[in-house]
Amino acid sequence: GISVMFPLIWIPSYIYGRGTGGVSTSRALASIPMALPGILLTMVVFTADTDSYLWTFCAGTLGGPALPMIAAFLWFDSPPEDNKEAIRTGVKAS
């Protein structure tokens with residue numbers, strides 16, 4: 001859910017950018033398709049019969065570690081080149 005997905009996307013950009021724009025274009029573009037599985041599963045959870053296996057599967061997938069961990073590859077994304085000095089300063093300040 002959002003409590004797991006938000007930290008995996010937002011925290012790396014905060015650490016890297018310290019509020020000065022640590023989000024690269026590839027990170028911003030990757031967040032769009034990465035949000036789709038969560039949106040679709042949430043739609044199913046709110047529309048499917050709660051006694052069905054489909055609802056159980058979708059609710060378990062939303063609450064489990066697999067879906068949010070899709071965003072883990074964003075940790076390998078490089079920040080914008082003009083933000084390297086802000087990253088160094090931010091990491092030293094931590």
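Q: What makes Leu-36, Ile-39, Leu-40 and Met-43 a nonpolar surface patch?
A: In this predicted model, these four residues together make a nonpolar surface patch of about 400 Å². Residues in a patch must have over 30% relative accessible area, and nonpolar side chains, Leu, Ile and Met among them, are joined within 5 Å; Leu-40, with a relative accessible area of 52%, therefore passes the accessibility cut-off.

Q: Why is Leu-40 called exposed?
A: The place of Leu-40 is in helix H2, which covers residues 25–47. Its relative accessible area is 52%, and exposed means over 50%, so Leu-40 is classed as exposed.

Q: Why does Gly-38 count as buried or exposed?
A: Gly-38 also lies in helix H2, but its relative accessible area is 18%; because buried means under 20%, Gly-38 is classed as buried. Across the chain, the C-alpha atoms of Gly-38 and Cys-58 are separated by 9.5 Å, although these residues are 20 apart along the sequence.

Q: What is the class of Leu-41, buried or exposed, and why?
A: Leu-41 is another residue of helix H2, and at 15% relative accessibility it falls under the 20% limit, so it counts as buried. Leu-41 and Leu-67 are 26 residues apart in sequence and 10.0 Å apart in space, taken from C-alpha to C-alpha. Besides Gly-38 and Leu-41, the buried residues of H2 include Arg-27, Ala-30, Met-34 and Val-45.

Q: How do you know that the reach of H2 is close to the expected one?
A: H2 has 23 residues and reaches 34 Å from its first C-alpha to its last, while 33 Å is expected at 1.5 Å a residue. The expected span is 1.5 Å times one less than the number of residues, so the reach of H2 can be called close to expectation on that basis.

Q: Where does H2 bend, and which proline follows?
A: The bend is at Ala-35 and amounts to about 25°, with Pro-37 following within four residues.

Q: Why is Asp-77 called buried although it is found in a loop?
A: Asp-77 is found in the loop between H3 and helix H4 (84–93), yet the class rests on accessibility: the value for Asp-77 is 17%, under the 20% cut-off, and Asp-77 therefore counts as buried. In space, Asp-77 and Ser-26 are 7.6 Å apart, C-alpha to C-alpha, with their positions 51 residues apart in sequence.

Q: What makes the order of elements α-α-α-α?
A: The secondary structure comes to four helices and zero strands, and from the N terminus on the elements run α-α-α-α. Of the 94 residues in the protein, 28% are buried.

Q: Which helices have the lowest and the highest mean pLDDT?
A: Helix H1 (residues 2–17) has the lowest mean pLDDT, 65, and helix H3 (residues 53–63) the highest, 91. For the protein, the mean is 76, and 57% of its residues reach 70 or more.

Conventions:
Residues numbered from 1 in each chain as written. Predicted model: local features only at pLDDT ≥ 70, side-chain atom pairs only at ≥ 80, totals over all residues. Heavy atoms only, no water. Patch = residues over 30% accessible without salt bridge, like charges linked within 9 Å, V, L, I, M, F, W, Y side chains within 5 Å. Areas by Shrake-Rupley, 256 points an atom, 1.4 Å probe, with all protein chains shown as cover. Salt bridge = Lys/Arg side-chain N within 4 Å of Asp/Glu carboxyl O. Helix = DSSP H or I, 4+ residues; strand = E, 2+ residues; numbered from the N terminus. Buried < 20%, exposed > 50% of the residue type's maximum accessible area, 1.4 Å probe, protein only. pLDDT = per-residue confidence, 0-100. Bend = angle between axes of the 7 residues up to and from the residue.
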